[in-house]
Amino acid sequence: APHVFSDAPHESFKMIFLDYFQHFVKTLTHIKDVKEVLWLIKAHPTSKDYNEEGLVEKMLSKYKKYDHIKLFPNHIHLYSCLNLVDTVITTRGTIGLEFAACFEKKPIILADAPYSNLGFTIEPKNEEEYFNILKNVEKITPLSKLEKLNAKKTFYFFECIQLDELKSSV
């Protein structure tokens with residue numbers, strides 16, 4: 001799940017890649033050799049708001065010869081199939097939190113996120129560690145009972161409590 005490439009990529013959070021675009025390019029370069037896994041790529045839903053509509057598709061066209069790398073079909077709602085995938089990869093997007101809380105599986109996140117370091121994500125510290133995780137993505141274990149609970153509490157906090165606090169301050 002690549003992030004919008006031009007959306008504040010140089011904020012003050014720690015990230016193992018220079019920016020969102022570099023993360024996407026290096027991930028594609030690496031996963032072309034991890035053929036035991038079907039990689040589904042979905043452009044960020046707000047990419048059109050940043051004039052990036054079609055950019056992910058254009059980049060993926062260079063990988064057409066790799067049958068194991070596919071563009072996620074637009075006519076299928078993403079959340080209808082997340083229970084079928086082993087993990088999601090995001091730089092720091094909310095899809096990581098949603099995936100952990102709703103589908104009870106570990107997401108891979110590559111930058112500081114509001115839900116970092118809470119025990120229910122995989123957070124490689126550098127590119128080498130990230131690429132090793134991708135080589136062994138099928139070995140990612142499901143969330144434990146405690147990790148599921150932490151993910152659900154965190155999701156509730158971000159989706160309900162923070163929203164209520166925001167509404168009351170306006």
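Trainee: What share of the 170 residues in the chain is buried, and what makes a residue count as buried?

Mentor: Buried residues account for 44% of the 170 residues in the chain. The term means under 20% relative accessible area, whereas exposed means over 50% and partly exposed lies in between, with a 1.4 Å probe and protein chains only. This is a predicted model, in which local features need pLDDT of at least 70, side-chain atom pairs count only at pLDDT 80 or more, and totals for chains, interfaces and linings use all residues. Residues are numbered from 1 along each chain as its sequence is written, and side-chain values use heavy atoms, with hydrogens and water left out.

Trainee: Why is Glu-98 called buried?

Mentor: Glu-98 has a relative accessible area of 16%, and the cut-off is under 20%, so Glu-98 counts as buried. Glu-98 is found in helix H3 (residues 94-103); helices (H or I, at least four residues) and strands (E, at least two) are DSSP runs, numbered from the N terminus.

Trainee: Which residues does Glu-98 touch, not counting residues up to four places away in sequence?

Mentor: Glu-98 touches Tyr-79, Phe-103 and Phe-155, where contact means heavy atoms within 4.5 Å. Glu-98 and Thr-154 are 56 residues apart in sequence, yet 9.7 Å apart in space, C-alpha to C-alpha.

Trainee: Why does Leu-149 count as partly exposed?

Mentor: The relative accessibility of Leu-149 is 42%, which falls in between the limits of 20% and 50%, so Leu-149 is partly exposed. Leu-149 lies in helix H5 (residues 145-169). The C-alpha atoms of Leu-149 and Phe-120 are 9.3 Å apart, with their positions 29 residues apart in sequence.

Trainee: How do you know that the chain is as compact as a globular protein of that length?

Mentor: The chain has five helices and four strands. Its radius of gyration is 16 Å, close to the 15 Å from the globule rule for 170 residues, so the chain is as compact as a globular protein of that length. The radius is taken over C-alpha atoms, and the rule is 2.2 Å times the number of residues to the power 0.38.

Trainee: What span does helix H1 reach, and what is expected?

Mentor: Helix H1 (residues 20-31) has twelve residues and reaches 16 Å from its first C-alpha to its last, close to the expected 16 Å. The expected span is 1.5 Å times one less than the number of residues. The buried residues of H1 include Tyr-20, Phe-24 and Ile-31. Among the elements against which the buried residues of H1 pack are strand E1 (39-41) and helix H4 (127-135).
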